[in-house]
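Work through the exercises below with the model open. Try each task before reading its solution.

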Amino acid sequence: MSGRRVVLSESELPTRWYNLQADLPEPLPPVLHPGTMQPVTPADLEPIFASELIRQEMSPERWIEIPDAIREVLAMWRPTPLVRARNLERALQTPARIYFKDESHSPPGSHKTNTAVAQAYFNQAQGVRRLTTETGAGQWGTALSFACKQFGLECKVFMVKVSYEQKPYRRSMMHMWGGQVTPSPSKETESGRQILAADPDTPGSLGIAISEAVEAAVQRDDTRYTLGSVLNHVMLHQTVIGLETERQLREFGDFPDVMIGCCGGGSNFAGLTFPFIPYKLKGRDIRFVAVEPCSCPTMSRGQFRYDFGDTTKLTPLIKMYTLGHSFVPPGIHAGGLRYHGMAPLVSLAVKLGLVEPMAFHQLECFEAAQLFAATEGIIPAPETSHAIRGAMVEAQRCRDEGREACIVFNLSGHGLCDLGAYDRYFRGELEDYEYPQEHIEAALAELPDLDEVRTA
Ligand SMILES: *Cc1c(COP(=O)(O)O)cnc(C)c1O
């Protein structure tokens, strides 16, 4: 029988995270304070984030040690398998070798647990008792609820209202792990009350929920805020994915030509690909493909400039690809891909030409998910289906051109809580949606013009 999966032993769980900041040819532009528009200092961030996470956020060190307490929790499901998708290859009649890293194995069902565990640990270690956060589709809230439970912390989750209504099982999972869940916008915060006053029927958005969660964190001394994507320390924690993949590919006797991930805030893509970027910087020919939905085309149609991380402009300004902080995405089913911005590290890598964006419509992604479930057996999250579509497009190109290639994608999570979306797909109720250019331009026109000054 030819090799199908490589499963590493527990002792091969990585002992250090890889920090891309050490190797990028250009430094990240500074993050700016929303009041003064000057670079933020660690002291500015102390009321919001755990100190060690702030240190990691700004760290230039290439390797950062993973504390044993974190590795012990990760070992509940890591290392995750790397699987050769032989049935999918056969169905596509492609000479390409397709591999996927299966991050659906974590108890909450996605890669997000990797950083949730690290963030809960560093907060608990400095005496924080309670964490707040926002969640879109519910994956991050579930991951954080699970992680807080492991370290005895309280967890308060603001869940985007439309998802709160559409995804009851994610809500139940959060409750199971002790998380407190509030639909956002809520009346519990000033930001929520403001938004509700302007538009009582708003479906909510990640940007609004972030405003609420940050506000709820700074109100109390024993509370900090956590973010499931976008920030540098989140990208860092996710690199266990790529570091394991590198070893597993070596056991297969292979090395990637193309690596693919879906992108919401960029973290599962970064986790898979960042440990391989040094090879490209040294001249090796690898492509890194970041896939996003046509309905939220941050990298393909947004601009690389300073913007706020949230809707009500409470967060610092970050230089990133953005559709504008006032972007309210259409209710597509890949809820986890509906953020207006993109991780600054992924954004800079795109700007430098190291990473190429690609956008797909939701229907072609659901179709890819169905073929993947039929051939490889796993029902993927709608977010993940974008990466699968990307891998299929690359594999079909190999077939048409009659060439081999090693294609690796990240299976960021399973779709067992998203079956309602698949039902609607089968009933023919889902439509493709192209985000209108005039909406993008209107949202971008609201951004402060800081780029001339800062990037000169
Ligand atoms: C949240 C989520 C994503 C998107 O977030 P990233 O930070 O871009 O990884 C992708 N897939 C799944 C399963 C998710 O839960």
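**Exercise 1. Strand β10**

Task: Determine how many residues of strand β10 (residues 258-262) are buried, and which way they point.

Solution. Start with the terms. Strands (E, at least two residues) and helices (H or I, at least four) are DSSP runs, numbered from the N terminus. A residue is buried if 20 or more other C-beta atoms lie within 10 Å of its own, exposed if 12 or fewer, and partly exposed in between; C-beta atoms are placed from the backbone. The model is predicted: local features need pLDDT of at least 70, side-chain atom pairs count only at pLDDT 80 or more, and totals for chains, interfaces and linings use all residues. Residues are numbered from 1 along each chain as its sequence is written.

Now count. Five of the five residues of β10 are buried, so the strand is mostly covered. Val-258, Ile-260 and Cys-262 point one way. Met-259 and Gly-261 point the other way.

**Exercise 2. The sheet around β10**

Task: Place β10 in its sheet and find its partners.

Solution. Step one: the order. Seven strands form an open sheet, β1-β4-β5-β15-β10-β11-β14, with mixed pairing. Two strands pair if DSSP finds at least two bridges between them.

Step two: the neighbours of β10. Five bridges link β10 to β11 in the parallel sense, and Cys-262 stands opposite Val-291 in β11. Three bridges join β10 to strand β15 (residues 406-411), also parallel. There, Val-258 faces Ile-407.

Step three: the edges. β1 (5-6) and β14 (355-360) each pair on one side only. Strand β11 (residues 287-293) is parallel to β14 over six bridges. Glu-292 has Ala-359 of β14 as its bridge partner.

**Exercise 3. The four-stranded sheet**

Task: Work out the strand order of the parallel open sheet, and say what packs on it.

Solution. The order is β8-β7-β6-β9, and the pairing is parallel. β8 (180-184) and β9 (223-225) stand at the edges with a single partner strand each, so one side of each has no neighbour in the sheet. From one strand to the next, the twist averages 25°.

Take one pair in detail. Five bridges join strand β7 (residues 154-160) to β8. Val-160 has Ser-184 as its bridge partner in β8. Next, look for the helix. α10 packs on the sheet and touches β6 (130-135), β7, β8 and β9. Its direction makes about 170° with that of β6. Angles run from 0 to 180 degrees between N-to-C directions; axes are lines fitted to C-alpha atoms, for helices over the stretch in contact.

**Exercise 4. Helices α9 and α10**

Task: Describe the packing of α9 against α10.

Solution. Two packed helices are described by the angle between their axes and the distance between the axes. Helix α9 (residues 190-198) and α10 pack at about 145°, with axes 8 Å apart. From α9 come Glu-190, Ser-191, Gly-192 and Ile-195; they meet Ile-208, Ser-211, Glu-212 and Glu-215 in α10. Contact here requires C-beta atoms, placed from the backbone, within 7 Å.

**Exercise 5. Domains and core**

Task: Locate the largest nonpolar core relative to the two domains.

Solution. First, the domains. Domain 1 is 5-10 + 78-109 + 239-455, and domain 2 is 17-65 + 112-232. These bounds come from an automatic or database domain assignment. The C-alpha centres lie 21 Å apart. Their contact takes 50 residues from domain 1 and 46 residues from domain 2.

Second, the core. A nonpolar core is a set of buried Ala, Val, Leu, Ile, Met, Phe, Trp, Tyr and Cys residues joined through C-beta atoms within 7 Å. The largest has 118 residues, and Ala-290 and Val-346 have the most contacts inside it. Helix α10 (residues 206-218) gives the most to this core, with eight residues. Both domains contribute residues, so the core lies between them.

Third, zoom in on Val-346. Among the residues that Val-346 touches, not counting those up to four places away in sequence, are Cys-263, Phe-269 and Ala-290. Val-346 is one of the buried residues of α16. Seven of the eight residues of α16 are buried.

How values were computed
Contact = placed C-beta atoms within 7 Å.
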